[in-house]
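These are my notebook entries on a structure I had not examined before. I set out to look up a few cysteines, one helix and one strand.

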Amino acid sequence: MPRPLVATVHIAALQHNLSIAKQCAPCSKVWAVVKANAYGHGLARSMKGFSAADGLGLIELDGAVRLRELGWQKPILLLEGFFEPADLKTVTDHKLQTAVHCNEQIEMIERTKIMLPIDVHLKMNSGMNRLGFVPDAFQAAYARLRANPAIRSITLMAHFANADEAANPNLPLSEQMRRFRAAAAGLAGEWSLANSAADLMHSEVAADWVRPGIMLYGGTPGGKTAKEFNLRAAMTLTSEIIGTQNIVAGDAVGYGSQFIADAAMKIGVVACGYADGYPRHAPNGTPIMVDGIRTRVVGRVSMDMITVDLTPVPGAHVGSKVTLWGVDLPIDEVANVAGTIGYELMCAVAPRVPIVERETI
C-alpha cells in the first residue's frame, strides 16, 4: 500500500473563501491569485474552486497557458508580466493580460510586432520597493504605453506592503494610497490595489479590482485568525502513526537529542518529514493531532518522519490517524509556532505527497 501521507484539497472551502473575498468588496471584480500552483493546491482544482472569480492571476507563463488548456475562458493576468520579447506572442496567442513594471518591458513591447492589442496593468511602486514605477515616473510610463497602438487598456496597479498593519510607522497604508492617488490623478483606467489583507480589513481601498491570494486557501494574512475572518481551510495534510516507542525519564528523541523526556512517555512516529514539506525547524511543542486529540511534536523533524508525544492519546497505536494541519488544526497556528507563515507551508508540500480532491469540507 502507499505511504499514508496525503493532502486533501476541499473544493467547497475554496468556493467559500472566494465568496468571503467578494462579500468584503461587493463592488469590485476579483482576480483570484493562483501563483505557485495555486499555493500548492493545484491549478485544475483551483479552477473549480474559483469558477466564480472574474479572472485568475499568477506569475508563471506556462501556468497561464495550462489554464487555457484546462478550459479557463475568463481573463488571466501575469502578475510579474513577461520576461523577454518572445513571451509577447504567448500573451497574444492565449489572450493574456500582463503587468508592466519597468521601462525594459515597455521597450520590449515597442520593439515587438504585436498582432493583437493587449491589455496591460501598469504597476506603481508606491513604497513596497520591489517592482513598479516610482510615482514621479508613473505618468510618463503611462503616456508611453498609451501612445502605442498595440496597447488596448491600461489598468493602474499597486501592491500594499502593510495592509495587515495599516499604521505601520515605516510605511502606513494611508501613505501608499496618498502616493498612488497623486501619481494616478487624471489617468484613465481601472484600479487594482487590494491584496488579501486589504480586502479583509480595508474595504475603502477595494477599487475596481481586488487580488486576494492567501485568504482564498484558508490562511490569514494577519490581523485576526482565519476563523475570525470566517475562512475555511482548503488543504488538510494527514498521515498515520507508523511506529511507537516507550521511553523513560532521561531518554532522548531524534537527531541531536534535542528533546529529553522528563518522565516515562510513549512516542509516536508519523510518516511525514521535511522532504514532504513539513518545516524542519518546527520546534518541540509544535501542535499536531492524533486521533482527533491535540498533542505536540517532540524531537527534531527528520527527512521522512516526525516524532510526537502520545501522552494525551493513551489509546494511540500504529495506524492512528494524524492531522498535521487543516480543517481541525489551522495551518497558521502550526506555521506561527514553527517561525514561518502559512503561505510557505502550503507552497512547500512536496511532489511526492499525493493530493486528493474532495468536493465538500
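Entry 1: Cys24. I located Cys24 in helix 1, which covers residues 11-24. I noted that the model I am reading is predicted. I then asked whether Cys24 is buried or exposed. Neither word fits: Cys24 counts as partly exposed, because its relative accessibility is 22%, and buried would require a value under 20%. I next looked up which residues Cys24 touches, leaving aside those up to four places away in sequence. I found Asp199, Leu200 and Ser203. I also recorded the separation of Cys24 from Ala198: 174 residues in sequence, but 9.5 Å in space from C-alpha to C-alpha.

Entry 2: Cysteines and disulfides. I recalled that a disulfide is a covalent bond between the sulfur atoms of two cysteines. How many disulfides does the model contain? With a cut-off of 2.5 Å between sulfur atoms, I obtained a count of zero. For Cys27, I looked up the closest cysteine sulfur and found that of Cys24, at 13 Å, which is too far for a bond. I noted that Cys27 is exposed, as its relative accessible area is 77%. Cys102, by contrast, is buried, with a relative accessible area of 18%.

Entry 3: Helix 7. I turned to helix 7, which has 12 residues, 135-146. From its first C-alpha to its last I read a distance of 17 Å, close to the 16 Å expected at 1.5 Å a residue. Which residues of helix 7 are buried? I listed Phe138, Ala141, Tyr142 and Leu145. These residues lie on the same side of helix 7, because they cover an arc of only 105° around the axis. On the other side of the helix, I found Asp136 and Ala140 exposed. I then looked up what covers the buried residues of helix 7; the cover includes strand 5 (97-100), strand 6 (118-123) and strand 7 (151-157), together with helix 6 (103-111) and helix 8 (173-184).

Entry 4: Strand 13. I examined strand 13, residues 265-271, and found six of its seven residues buried, so the strand is largely enclosed by the rest of the structure. I looked for its pairing partners. Strand 10 (residues 235-247) runs antiparallel to strand 13 and is joined to it by six bridges; here I noted Ile247 opposite Met265. Strand 16 (residues 305-309) is also antiparallel to strand 13, with five bridges between them. In that pairing, I recorded Met305 of strand 16 as the bridge partner of Ala271.

Definitions and conventions: Residues numbered from 1 in each chain as written. Predicted model: local features only at pLDDT ≥ 70, side-chain atom pairs only at ≥ 80, totals over all residues. Heavy atoms only, no water. Helix = DSSP H or I, 4+ residues; strand = E, 2+ residues; numbered from the N terminus. Buried < 20%, exposed > 50% of the residue type's maximum accessible area, 1.4 Å probe, protein only. Contact = heavy atoms within 4.5 Å. Expected span 1.5 Å × (residues − 1). Arc of directions from axis to C-beta. Pairing = 2+ DSSP bridges.
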